[in-house]
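The following paragraphs go through one protein chain, from selected residues to the overall form. Please keep the sequence and the 3D view open while reading.

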Amino acid sequence: MAAIPAPAQYRCIACGNRYGWLSSLRNHIRTHLVECPHTCPICSQRFSTSLQLQNHENTHTGARPFECNVCSLRFSNSGTLHHHMQMHTGERPHVCAECGRRFARASTLRRHVMVHAGVYPYTCGTCGARFSRPDRWRHHELGHATAAPQ
């Protein structure tokens with residue numbers, strides 16, 4: 001069983017962004033230090049690593065060089081392909097310590113843990129119902145908007 005990832009383990013002191021990996025924080029800090037030697041020739045956005053630039057350039061060109069060897073679906077970057085492959089393998093390495101539910105992505109586990117912590121930051125302006133997820137809150141509020149007046 002994989003341990004729960006530490007979502008706030010590495011925090012940028014300049015802007016407060018949080019990272020699960022020290023290497024990600026180091027790459028991020030370079031953006032504050034203006035160490036972004038890789039510039040997009042199309043939109044001039046700057047990046048701290050050549051891999052970040054390459055992935056970004058794929059958004060302009062529509063290139064999808066990473067192909068799933070199971071279903072042949074193509075992706076613009078290797079990270080998205082990796083997450084996609086978890087669908088085929090059923091890999092769910094992130095486990096909730098509270099209930100044992102498993103997740104493919106650390107971000108989904110972090111969102112799930114909010115329920116156990118009693119964190120419901122989204123409140124319906126019509127009926128006061130509370131939600132831990134913004135998508136469920138919006139869906140709920142749409143129900144009020146489409147309900148027939150009485």
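A good place to begin is H56, which touches C40, C43, Q45 and F47 when residues up to four places away in sequence are not counted. The model is a predicted one, and what follows should be read in that light. H56 sits in helix α2, which covers residues 50-61. Its relative accessibility is 14%, and because buried means under 20%, H56 counts as buried.

A second histidine, H140, can be described in the same terms. H140 is found in helix α5, a helix that covers residues 134-146. Leaving out residues up to four places away in sequence, H140 touches C124, C127, A129 and F131. With a relative accessible area of 22%, H140 is partly exposed. How far is H140 from I42, C-alpha to C-alpha? The two are 41 Å apart in space and 98 residues apart in sequence.

Just before helix α5 comes S132, in the loop that runs between β10 (130-131) and α5 (134-146). Is S132 buried or exposed? At 10% relative accessibility, S132 counts as buried. Its contacts, leaving aside neighbours within four places in sequence, are M114, V115, V119, Y120, P121 and Y122. For one of these, M114, the C-alpha atom is separated from that of S132 by 6.6 Å, with the two positions 18 residues apart along the chain.

S132 also belongs to the lining of the second largest pocket, together with R101, F103, T108, R111, H112, V115, F131, R133 and R136. V115 thus appears both in this lining and among the contacts of S132. The space in the second largest pocket is about 210 Å³. Which element supplies the largest share of the lining? Helix α4, residues 106-116, does so with four residues. By type, the lining residues divide into four charged, three polar and three nonpolar.

Two other serines deserve a look for their backbone angles. Most residues other than glycine have a negative phi. S44 has a positive phi, near 70°, and is placed in the loop between β3 (38-39) and β4 (46-47). S72 likewise has a positive phi, of about 70°, although it is not a glycine. The loop that holds S72 lies between β5 (66-67) and β6 (74-75). At 45% relative accessibility, S72 counts as partly exposed.

The chain as a whole can now be considered. Its secondary structure comes to five helices and ten strands. The radius of gyration is 20 Å, well over the 15 Å that the globule rule gives for 150 residues, so the protein chain is more spread out than a compact globule. Along its principal axes, the C-alpha trace spans about 60 × 40 × 40 Å.

Three further values describe the packing and surface of the chain. Of the 150 residues, 19% are buried, and H56 and S132 both count as such. Among contacts with a separation of 6 or more, 8% are between residues 24 or more positions apart. The exposed area of the protein chain is about 10400 Å², and carbon and sulfur atoms supply 53% of that area.

Notes
Residues are numbered from 1 along each chain as its sequence is written. This is a predicted model: local features need pLDDT of at least 70, side-chain atom pairs count only at pLDDT 80 or more; totals for chains, interfaces and linings use all residues. Side-chain values use heavy atoms; hydrogens and water are left out. On a 1 Å grid over the protein atoms alone, a cavity is a set of points where a 1.4 Å probe fits but cannot get out, and a pocket is an open set with protein on both sides within 12 Å along at least five of seven lines; lining residues have an atom within 4 Å of a point. Grid points are joined across faces, edges and corners, and a volume is the space filled by probe spheres set on the points. Helices (H or I, at least four residues) and strands (E, at least two) are DSSP runs, numbered from the N terminus. Ala, Val, Leu, Ile, Met, Phe, Trp, Tyr, Cys and Pro count as nonpolar, Asp, Glu, Lys and Arg as charged, and the others, Gly among them, as polar. The radius of gyration is taken over C-alpha atoms; the globule rule is 2.2 Å times the number of residues to the power 0.38. Buried means under 20% relative accessible area, exposed over 50%, partly exposed in between (1.4 Å probe, protein chains only). Contact means heavy atoms within 4.5 Å. Accessible areas come from the Shrake-Rupley method with a 1.4 Å probe; for residues, only the protein chains shown count as cover.
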